[in-house]
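Colleague: Let us go through this model by question and answer. Please keep the answers short.

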Amino acid sequence: MTKQVTERELVLAILMEVTQQNVYSHLALNAVLEKYQYLEKKERAFITRVTEGTLEHMIELDYILNQFSKVKVNKMKPVIRNILRSAVYQLKYMDSVPDSAVCNEAVKLAVKKGFGTLRGFVNGVLRNVARGLDQVEYPTEGIERLSVVYSMPEWILKLWKKTYDLDVIESMLQAFQEETPVTIRCNLAKTTPENLKESLQKEGVTVTPHPYLSYAFWIQDYDHLSELESFQKGEFYVQDISSMLVGELADPKKGDRVIDVCAAPGGKALHVAEKLRGTGSVEARDLSLYKVGLITENIERSGLTNIHAVQKDATVCDADVKDAADLVIADLPCSGLGVLAKKTDLKYKATEQSTKELAGLQREILKNAASYVRPGGTLIYSTCTINPAENIENVHWFLKEFPEFVLDPIADRLCSTLQNSVEEAGCLQLLPGIHKSDGFFIARFGKK
């Protein structure tokens, strides 16, 4: 019996959504996996791997195709372009799939999608790629080489080259393409790191302590996270170590009033609420009801009672809380250039213009956040990007615009491994491949 919809057809549908309609890849992929839940685990794994792999290596795949096709990639019909991209990914990166099967299935898919007249073109290009893949000559120097080998847009590499040398940049690019275990934070309000580790191991999970924080672990070898008993009990949260460091550097004191202006899905706000040990209050704000719902869901699972979620627009100043908060957390919308390992397609969606616009948005929100901090209080600013305009340049602008704030020293709040990475006393820029984390920036300000 012939399948009505094949795995490769679903991959194509996702790639079309991402590349033509600007849908985020994780949303498009999750929607397909949810709709076709009846597919076998092996088929779902194939869809996930080919989709994510094609997007991750897209610049390299286009470079290879341009070596073998008289029609350049940017001149191809979008459907054909994405069929060929995913097929070349399989030829180069998936030894388990025979070359003949890759070529034949691509031709069948082109025909099924109404491009029967191009079957010879698709077949010819892919047969040539299969024969000549080992002889492809890549650029050998500088930014052009890094762009093709690691599929990173050149403008991003040029941006990073202003601050980092090429060896550091290549280390980051390698880290983006490596598979890394999931990082979790133990909910100290419900259990201890030792007990959590033991519980997870009993469920067959491989647990490795993270070197930066005693309550953080890497976990591997599980099927569905939501089916783990310790997850259902709210004994841990999935959270990168960089986000946990926001809570560490915030260092809230018992009884503090805390406002998190862009909190969804709530990890940092929950961490701070947990650190308050049942005292004080945390108001976790976000723009949409959907995001507030995500925060509320996580609050309920946590069992914490000193935190609540509120729908508020961070770009609109809230006069009711002027000078009212002991601690304000501003983890702001950014270009996401530090989390490209998890959100691969961001590198194709971001532009130089959009990063400039985001830096402006961040300043707008920081103005409001600053007004909520009481004298003697603390403001934490963070982003998940590696872009000076959104990070250290915003810090310099903020200190100039708001002379009542100063950078608070943070080295003594960090493990010894990270202390050498502190910039200008109160700032920390984490780099994937250099640090054991996502790319992330944190600054701590104190109000005089």
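Modeller: First a definition: helices (H or I, at least four residues) and strands (E, at least two) are DSSP runs, numbered from the N terminus. Bear in mind that this is a predicted model.

Colleague: Between which strand and which helix does Cys-384 lie?

Modeller: Cys-384 carries the UniProt annotation "active site", from an unreviewed entry. Its place is a loop. The flanking elements are strand S9 (373-383) and helix H18 (392-401).

Colleague: Is Cys-384 buried, partly exposed or exposed?

Modeller: Buried means under 20% relative accessible area, and exposed means over 50%. Cys-384 has 24% relative accessibility, so the class is partly exposed.

Colleague: Which residues does Cys-384 contact, leaving aside its neighbours within four places in sequence?

Modeller: Contact means heavy atoms within 4.5 Å. With that cut-off, the partners of Cys-384 are Cys-334, Gly-336, Leu-337, Gly-338, Val-339, Gly-439 and Phe-440.

Colleague: Now the binding site. Where is Ala-263, and is Ala-263 buried or exposed?

Modeller: UniProt, in an unreviewed entry, lists Ala-263 among the "binding site" positions, which also include Lys-268 and Asp-286. Ala-263 sits in the loop between strand S5 (257-260) and helix H14 (267-275). Its relative accessible area is 6%, so Ala-263 is buried.

Colleague: Which annotated "binding site" position does Ala-263 contact beyond four places in sequence?

Modeller: The contacts of Ala-263 are Ala-284, Arg-285, Asp-286 and Ile-295. The UniProt "binding site" feature includes Asp-286. The name asked for is Asp-286.

Colleague: In which helix is Lys-268 found, and is Lys-268 buried or exposed?

Modeller: Lys-268 is found in helix H14. Its relative accessible area is 14%, so Lys-268 is buried.

Colleague: Which annotated "binding site" position does Lys-268 touch, not counting residues up to four places away in sequence?

Modeller: Lys-268 touches Gln-239, Ser-243, Val-246, Asp-260, Asp-331, Ser-382 and Phe-440. UniProt places the "binding site" feature at positions that include Asp-331. The name is Asp-331.

Colleague: How far is the backbone oxygen of Gly-267 from a polar atom of the side chain of Arg-185?

Modeller: Arg-185 is found in strand S1 (residues 182-186). At 0% relative accessibility, Arg-185 is buried. Its contacts include Gly-267, Leu-270, His-271 and Glu-274. From the side-chain polar atom to the backbone oxygen of Gly-267, the distance is 3.3 Å.

Colleague: How far apart in space are Arg-185 and Ala-216, C-alpha to C-alpha?

Modeller: In sequence, 31 residues separate Arg-185 and Ala-216. In space, their C-alpha atoms are apart by 4.7 Å.

Colleague: Turn to the rings. How many aromatic pairs are there?

Modeller: Rings of Phe, Tyr and Trp pair if their centres lie within 6.5 Å. By this rule the aromatic pairs number 11.

Colleague: Is the pair of Phe-231 and Phe-236 stacked, tilted or edge-to-face?

Modeller: Both Phe-231 and Phe-236 are buried. Their centres are 5.7 Å apart. With 55 degrees between the planes, the pair is tilted.

Colleague: Which charged residue sits over the ring of Phe-231?

Modeller: The charged end lies 4.0 Å from the ring centre of Phe-231. The residue is Arg-301.

Colleague: Why does the pair of Tyr-381 and Phe-441 count as edge-to-face, and how many residues apart in sequence are the parts tied together?

Modeller: The ring centres of Tyr-381 and Phe-441 are 6.4 Å apart, and the planes stand at 70 degrees, so the pair is edge-to-face. Tyr-381 lies in strand S9 and Phe-441 in strand S13 (residues 440-447), so the sequence separation of the tied parts is 60 residues.

How values were computed
Residues are numbered from 1 along each chain as its sequence is written. This is a predicted model: local features need pLDDT of at least 70, side-chain atom pairs count only at pLDDT 80 or more; totals for chains, interfaces and linings use all residues. Side-chain values use heavy atoms; hydrogens and water are left out. UniProt positions are given in the numbering used here, feature names are shortened, and annotations may be inferred rather than shown by experiment. Buried means under 20% relative accessible area, exposed over 50%, partly exposed in between (1.4 Å probe, protein chains only). A polar contact is a pair of N or O atoms within 3.5 Å; within protein, one must be able to donate a hydrogen and the other to accept it, and residues adjacent in sequence count only if both atoms are side-chain atoms. Rings of Phe, Tyr and Trp (its six-membered ring) pair if their centres lie within 6.5 Å; planes under 30 degrees apart count as stacked, over 60 as edge-to-face and the rest as tilted. A charge sits over a ring if NZ of Lys or CZ of Arg is within 6 Å of the ring centre and within 35 degrees of the ring normal.
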